[in-house]
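Welcome to this guided tour. Open your viewer, switch to a cartoon view, and keep the selection box handy.

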Amino acid sequence: MSSNHPLSGRTAISGLGITELGRVYGRSASDLAVDAVLRALADAGLAKSELDGLLLNAGISQGIDLSLAQAIGLRGLSLQTQMNGFGSSAG
């Protein structure tokens, strides 16, 4: 990256949030998504108030949309969007 790039000198912190896998009875896709975000924050050592963006790719999951930020308790996000690439948007 050149020194005049807008992201030069910026930092990204990432965390991994792995939830239960397989048949998880009694838990919706949204419940698992909230759990995954909270686990990723904990893994990254961040508080919810330090998260400034949320990118969603619900794929074929039903019930996961931009209301997820509210369910998590996120406020004042600089970036929030939902992409529906059904797997291709991960790239």
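A residue is called buried when its relative accessible area is under 20%, exposed when that area is over 50%, and partly exposed in between, using a 1.4 Å probe and protein chains only. Before you select anything, please note that this is a predicted model, in which local features need pLDDT of at least 70, side-chain atom pairs count only at pLDDT 80 or more, and totals for chains, interfaces and linings use all residues. Residues are numbered from 1 along each chain as its sequence is written, and side-chain values use heavy atoms, with hydrogens and water left out.

**Stop 1: the whole chain**

Colour the cartoon by secondary structure. You should find two helices and two strands, and from the N terminus on they follow the order α-β-α-β. Helices (H or I, at least four residues) and strands (E, at least two) are DSSP runs, numbered from the N terminus. The chain has 91 residues, of which 22% are buried. A contact, on this tour, means heavy atoms within 4.5 Å. Among the contacts in the chain with a separation of 6 or more, 58% are between residues 24 or more positions apart.

**Stop 2: helix H1**

Now select residues 29-44, which form helix H1. Helix H1 has 16 residues and reaches 22 Å from its first C-alpha to its last, close to the 22 Å expected at 1.5 Å a residue. That expected span is 1.5 Å times one less than the number of residues in the helix.

Which residues of H1 are buried? Show Leu 32, Ala 33, Val 34, Asp 35, Val 37, Ala 40 and Leu 41 as sticks to see them. An α-helix has 3.6 residues a turn, so residues three or four places apart point the same way. To see what covers the buried residues of H1, add E1 and H2, which are included in that cover. Just after the helix, click on Gly 45, which follows H1 and has a positive phi, near 75°.

**Stop 3: Thr 19 and its partners**

Next, select Thr 19, in the segment before H1. Is Thr 19 buried or exposed? Thr 19 counts as buried because its relative accessibility is 16%. Leaving aside neighbours within four places in sequence, Thr 19 is in contact with Leu 32, Asp 35, Ala 36 and Arg 39.

Step across to Asp 35, found in helix H1. Asp 35 is buried, with a relative accessible area of 16%. Not counting residues up to four places away in sequence, Asp 35 touches Thr 19 and Arg 27. Ala 36, also in helix H1, touches Gly 17 and Thr 19 when residues up to four places away in sequence are not counted.

Go back to the segment before H1 and pick Ile 18. At 51% relative accessibility, Ile 18 counts as exposed. Try the distance tool here: Ile 18 and Val 37 are 19 residues apart in sequence and 8.9 Å apart in space, C-alpha to C-alpha.

**Stop 4: Ala 44**

Select Ala 44, found in helix H1. Leaving aside neighbours within four places in sequence, Ala 44 is in contact with Ile 13, Ser 14 and Gly 15. Ala 44 and Leu 16 are 28 residues apart in sequence and 7.5 Å apart in space, C-alpha to C-alpha.

**Stop 5: the largest nonpolar core**

A nonpolar core is a set of buried Ala, Val, Leu, Ile, Met, Phe, Trp, Tyr and Cys residues joined through side-chain atoms within 4.5 Å. Show Val 37, Leu 54, Leu 68, Ile 72 and Leu 74 as spheres: of the 13 residues in the largest core, these touch the most other members. The elements that give two or more residues to this core are H1, E1 and helix H2 (68-72), and H1 gives the most, with four residues. Centre the view on Val 37, which is in contact with Leu 51, Leu 54 and Ile 72, leaving aside neighbours within four places in sequence. In soluble globular proteins, nonpolar side chains tend to be buried together.

**Stop 6: the largest pocket**

Finally, turn on a surface. The largest pocket has a volume of about 1000 Å³. Of the 31 residues that line this pocket, the closest to its centre are Ile 13, Leu 51, Gly 53, Leu 54 and Leu 55. A pocket is an open set of points on a 1 Å grid over the protein atoms alone, where a 1.4 Å probe fits, with protein on both sides within 12 Å along at least five of seven lines; lining residues have an atom within 4 Å of a point. Grid points are joined across faces, edges and corners, and the volume is the space filled by probe spheres set on the points. Helix H1 gives the most to the lining of the largest pocket, with eight residues.
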